[in-house]
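Visitor: Please walk me through this one at the bench. I would like short answers with the reasoning shown.

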Amino acid sequence: IVPRTLTIAAASVADKVYDGKTDAKVTSVSFDGASLTEGRDYTVTAAFPDAKAGVGKTVRVTVTLMGQAAKNYKLSSGQYSAAASISKASLPGIPVAVVMKREEGGTAQVDLSTLALPKGETFAFTQGAESNVTALLEGVRLTLTAVAGADKGSVTIAGESDNYTVTVTVGVEYTDKTPVVL
């Protein structure tokens, strides 16, 4: 008996969130001319070309026939290309506390490059809403300027790298004393 040749008609791969790995989850496989069951008739694996976040990446799907299906059929190609995306992972929010002198015009600096962020990632930061403090973001340096009459203030900073997003909330507490840096 000569095994009948089958072609992989389609394969679907699930999108995933960045995890640093290339593995992909195949959600379905169909064949021209046969109805086969995964685990009984075939095994399937899939891999993204790299682990980086990206949209519409080409995923290599590999199908191997097994059991009775391997005796009755042969695949014209055990490979199939499907598209799937890896979205950026959201890191937990990072709070930063700043104490600064209450006097109007008093300033403080925050160096965002010192935050505990994943190694090997370069983050770009964007300034968001501010309350009871004037903020100026230049690259990774945030300069805060006191607002008269306020007890507390805050500014929100969004950070993004190739694979991650993060929100940094800088809380400002004003004091009449000169803050001591330890």
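Guide: What follows is a round of questions on aromatic pairs, salt bridges and one sheet in a predicted model.

Visitor: How many aromatic pairs are there?
Guide: Ring centres must lie within 6.5 Å to count as a pair. By this rule the count of aromatic pairs is 3.

Visitor: Are the rings of Y18 and Y164 stacked or edge-to-face?
Guide: Their centres are 5.3 Å apart. Planes over 60 degrees apart count as edge-to-face. The planes of Y18 and Y164 stand at 80 degrees, so the pair is edge-to-face.

Visitor: How many residues apart are Y18 and Y164?
Guide: Y18 sits in the loop between strand 2 (16-17) and strand 3 (26-32). Y164 belongs to strand 15 (residues 164-175). The pair links distant parts of the chain, 146 residues apart.

Visitor: Is Y18 buried or exposed?
Guide: Buried means under 20% relative accessible area. Y18 has 16%, so Y18 is buried.

Visitor: And Y164, buried or exposed?
Guide: The same cut-off of 20% applies. Y164 has a relative accessibility of 16%, so Y164 counts as buried.

Visitor: Are the rings of F123 and F125 stacked or edge-to-face?
Guide: The ring centres are 6.3 Å apart. Planes under 30 degrees apart count as stacked. F123 and F125 have their planes at 20 degrees, so the pair is stacked.

Visitor: What is the relative accessibility of F125?
Guide: Its ring partner F123 counts as buried at 11%. F125 counts as buried too, with a relative accessibility of 13%.

Visitor: Now the charges. How many salt bridges does a search of the whole structure find?
Guide: Side chains of opposite charge can pair when their charged atoms come close. The cut-off between nitrogen and carboxyl oxygen is 4 Å. Over the whole structure, the number of salt bridges is 5.

Visitor: Which residues are linked in a network with K16?
Guide: K16 forms a salt bridge with D23, with the closest N and O atoms 3.3 Å apart. K16 is buried at 16%, while D23 is partly exposed at 43%. The salt-bridge network links K16 with D19 and D23.

Visitor: In the salt bridge of R40 with D41, how far apart are the closest N and O atoms?
Guide: R40 counts as exposed at 53%. D41 is buried at 8%. The closest N and O atoms of R40 and D41 are apart by 2.8 Å.

Visitor: Which residue forms a salt bridge with K57?
Guide: K57 is buried, with a relative accessible area of 11%. The closest N and O atoms of this salt bridge are 2.5 Å apart. The partner counts as partly exposed at 30%. That partner is D50.

Visitor: On to the sheet. Which are the edge strands in the order 10-13-12?
Guide: This open sheet has 3 strands with antiparallel pairing. An edge strand pairs on one side only. The edge strands are strand 10 (107-111) and strand 12 (133-138).

Visitor: By how many degrees are neighbouring strands of this sheet turned against each other on average?
Guide: The sheet runs in the order 10-13-12. With direction ignored, neighbouring strands are turned on average by 20 degrees.

Visitor: What is the bridge partner of T134 in strand 13?
Guide: Strand 12 and strand 13 (residues 141-146) run antiparallel, joined by 6 bridges. In strand 13, the bridge partner of T134 is T145.

Key
Residues numbered from 1 in each chain as written. Predicted model: local features only at pLDDT ≥ 70, side-chain atom pairs only at ≥ 80, totals over all residues. Heavy atoms only, no water. Phe/Tyr/Trp six-rings, centres within 6.5 Å; stacked < 30°, edge-to-face > 60°. Helix = DSSP H or I, 4+ residues; strand = E, 2+ residues; numbered from the N terminus. Buried < 20%, exposed > 50% of the residue type's maximum accessible area, 1.4 Å probe, protein only. Pairing = 2+ DSSP bridges. Axes fitted to C-alpha atoms, helices over the stretch in contact; angles between N-to-C directions. Salt bridge = Lys/Arg side-chain N within 4 Å of Asp/Glu carboxyl O.
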